[in-house]
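Subject: Structure handover

Hi there,

Here is the structure I promised to pass on to you. Have a look at it first, and my notes follow underneath.

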Amino acid sequence: MAAPETLDAVALLKADHRKVEDLFAKFEAAKGDGRKQALAEEICMELTIHTKIEEDVFYPACEGKVDEDLLKEAYVEHDGAKVLIAEIEAGGPDDEFYDAKVKVLSEQIEHHVKEEEQRVEGIFAQARKAGLDMDALGEELAARKQELTEEFKARGVPEPQLKTMDEVSV
Ligand SMILES: [Fe+2]
Ligand SMILES: [Fe+2]
């Protein structure tokens, strides 16, 4: 078997961002409930894996190196996304608010991705400037990603774990 392609951490995370943006664009253009649901499920799976590898591997490595407020906001933004992901997973295209939830999720992710990728000020730029070992982190992210992909494909996407919010019932 060929050696898996190794990307540095930022390249790997950016590739995930591009993939999800593409899936959101496909969802927006999609016709038919089956196609929409398949795309929404793929979006939820990709985002669940992506947020988890960032929270398990990348963000902890950024502690003390990246502006603390920005990092805290990133965790809260992830949790906001997870709430919508759980809603989308639990629902289906015949729900009144299904498309709206996917759209709002895409807008939230767009904002969050900007905060990560922004030049100079963004999380990735700050982390690189601080000298994080992006090759080693890239390998760690890739390994964790593969593990989670196999697990979720076998058992489905689990209920999201919120890091910054207490569960509220309204
Ligand atoms: Fe990200
Ligand atoms: Fe993120």
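A salt bridge, as I use the term below, is a side-chain nitrogen of Lys or Arg within 4 Å of a carboxyl oxygen of Asp or Glu. Please keep in mind that this is a predicted model.

With that cut-off, the structure holds 17 salt bridges. One of them joins E117 and R18, whose closest N and O atoms are 3.1 Å apart. This pair links distant parts of the chain, with E117 in helix α4 and R18 in helix α1, 99 residues apart. Both partners are partly exposed: E117 has a relative accessibility of 22%, and R18 has a relative accessible area of 38%.

Another salt bridge pairs K103 with E28, and here the closest N and O atoms are 3.4 Å apart. Since K103 sits in helix α4 and E28 in helix α1, the pair ties together parts that are 75 residues apart in sequence. K103 is partly exposed at 35% relative accessibility, whereas E28, at 56%, is exposed.

Helix α4 also reaches α2 in this way. The side chains of D99 and K36 meet in a salt bridge of 2.6 Å, N to O. D99 belongs to helix α4 and K36 to helix α2, and their positions lie 63 residues apart in the chain numbering. D99 is partly exposed, with a relative accessible area of 34%. Is K36 buried or exposed? At 15% relative accessibility, K36 counts as buried, because the cut-off for that class is under 20%.

Elsewhere, K52, D56, R144 and E147 are linked in a network of salt bridges.

Now to the metal site, which you may want to look at closely. Which residues donate to the iron ion (ligand 2)? The protein donors are E54 (OE), Y59 (OH), H78 (NE2), H112 (NE2) and E116 (OE), lying 2.0 to 2.4 Å from the ion. Along the chain, these donors follow the spacing E-x4-Y-x18-H-x33-H-x3-E. E54 has a further role as a bridge between the iron ion (ligand 2) and the iron ion (ligand 1), and the two ions lie 3.2 Å apart. Among the donors, Y59 lies in helix α2 and E116 in helix α4, so this pair ties together parts that are 57 residues apart in sequence. Y59 counts as buried at 0% relative accessibility, and E116 is buried too, with a relative accessible area of 0%.

Finally, some notes on helix α1, the helix that holds R18 and E28. Helix α1 covers residues 9-29, which makes 21 residues, and reaches 31 Å from its first C-alpha to its last, close to the 30 Å expected at 1.5 Å a residue. At the N-terminal end, D8 caps the helix: a side-chain oxygen of D8 lies 3.1 Å from the backbone nitrogen of V10. The buried residues of α1 are A9, V10, L12, L13, D16, H17, V20, L23, F24 and F27. Seen down the axis of α1, they fall within an arc of 165°, so they line one face of the helix. What do these buried residues pack against? Their partners are α2 (33-62), α4 (98-117), α5 (123-129) and α6 (134-155).

Best wishes, and enjoy looking around!

Definitions and conventions:
Residues are numbered from 1 along each chain as its sequence is written. Chains are lettered from A and ligands numbered from 1 in the order in which they are written. This is a predicted model: local features need pLDDT of at least 70, side-chain atom pairs count only at pLDDT 80 or more; totals for chains, interfaces and linings use all residues. Side-chain values use heavy atoms; hydrogens and water are left out. Helices (H or I, at least four residues) and strands (E, at least two) are DSSP runs, numbered from the N terminus. The expected span of a helix is 1.5 Å times one less than its number of residues. Buried means under 20% relative accessible area, exposed over 50%, partly exposed in between (1.4 Å probe, protein chains only). The arc is that of the directions from the helix axis to the C-beta atoms. Contact means heavy atoms within 4.5 Å. A polar contact is a pair of N or O atoms within 3.5 Å; within protein, one must be able to donate a hydrogen and the other to accept it, and residues adjacent in sequence count only if both atoms are side-chain atoms. Donors are N, O and S atoms within 2.8 Å of the metal (3.2 Å for Na, K and Ca); water is not among the atoms, so sites may look incomplete.
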